[in-house]
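Student: I should like to learn how to read the features of a protein model. May we work through one example together?

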Amino acid sequence: MLKIDKASFEALRRHGEETYPHECCGVLLGQFDGDGTRIITSIARCGNTRDDSPHNRYSIDPKELIRIQREGRERGEDIVGFYHSHPDHPAQWSQTDLAEAHWLACSYVITSVEKGKAIITNSFELTGSDEADKRLSDEEIKVD
């Protein structure tokens, strides 16, 4: 399960609207609960560094990701997931999303943005023991 406060949830959806018709992307920071729940305490917007097809792909600069991870740790937060938008496409993961997901036990949140308006937001947990058997599984989102 993914627990997120209403302000952060709305902020990541708004990010998708602001970058439309391109994909937005960002990092979910917080803690892993003892039962595997990810509790989001903040989000970090990232720039989409894809210039070849930003309307249906995203990439986060590794330097930006390291900076976000370092700053989060200083606040007692871990990276517990990532988010991005699907402009004019469903809020379901694609084969590319699975291939480019590498943080096991993290959440991958996708917001469908249709004609500039955030419609549906879904979350998926990356499970498995390594790259060979990883998979994205539906995950409940609880907005507080």
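**Reading a helix and its surroundings**

Tutor: Let us begin at the start of a helix, bearing in mind that this model is predicted. Asp61 caps the N-terminal end of helix 2, with a side-chain oxygen 2.7 Å from the backbone nitrogen of Lys63.

Student: Which residue has a side-chain oxygen at the start of helix 1 that reaches to within 3.2 Å of the backbone nitrogen of Ala7?

Tutor: That residue is Asp5.

Student: How may the length of helix 2 be checked against its number of residues?

Tutor: One multiplies out the rise, which is 1.5 Å a residue. Helix 2 covers residues 62-74, and its 13 residues should therefore span 18 Å; the C-alpha atoms at its ends are 18 Å apart, which agrees. Helix 1, residues 6-19, can be treated likewise: its 14 residues reach 20 Å from first C-alpha to last, close to the expected 20 Å.

Student: Which residues of helix 2 are buried, and how should their positions be understood?

Tutor: The general idea is that an α-helix has 3.6 residues a turn, so residues three or four places apart point the same way. In helix 2, the buried residues are Glu64, Leu65, Ile68 and Gly72. Viewed down the helix axis, the buried residues of helix 2 fall within an arc of 100 degrees, so they line one face. Pro62, Lys63, Arg73 and Glu74, on the other side of helix 2, are exposed.

Student: What covers the buried residues of helix 2?

Tutor: The cover includes strand 2 (25-32), strand 3 (38-46) and strand 4 (78-87).

Student: Which residues of helix 1 are buried?

Tutor: They are Ser8, Phe9, Ala11, Leu12, Arg13, His15 and Gly16.

Student: What follows helix 2?

Tutor: Helix 2 is followed by Gly76, which has a positive phi, near 80 degrees.

Student: How many helices and strands does the protein chain have, and in what order do they run?

Tutor: The chain has 3 helices and 8 strands. From the N terminus on, the order is β-α-β-β-α-β-α-β-β-β-β.

Student: How does one judge the radius of gyration of the protein chain?

Tutor: One compares the value with that of a compact globule, which for 144 residues would be near 15 Å; the protein chain has 14 Å, which agrees. Along its principal axes, the C-alpha trace spans about 40 × 35 × 30 Å.

Student: What share of the residues in the protein chain is buried?

Tutor: Buried residues make up 43% of the 144. As for contacts between residues at least 6 apart in sequence, 62% join residues at least 24 apart.

Definitions and conventions: Residues numbered from 1 in each chain as written. Predicted model: local features only at pLDDT ≥ 70, side-chain atom pairs only at ≥ 80, totals over all residues. Heavy atoms only, no water. Helix = DSSP H or I, 4+ residues; strand = E, 2+ residues; numbered from the N terminus. Expected span 1.5 Å × (residues − 1). Buried < 20%, exposed > 50% of the residue type's maximum accessible area, 1.4 Å probe, protein only. Arc of directions from axis to C-beta. Contact = heavy atoms within 4.5 Å. Polar contact = N/O pair within 3.5 Å; in protein donor to acceptor, adjacent residues only side chain to side chain. Rg over C-alpha atoms; globule rule 2.2 N^0.38 Å.
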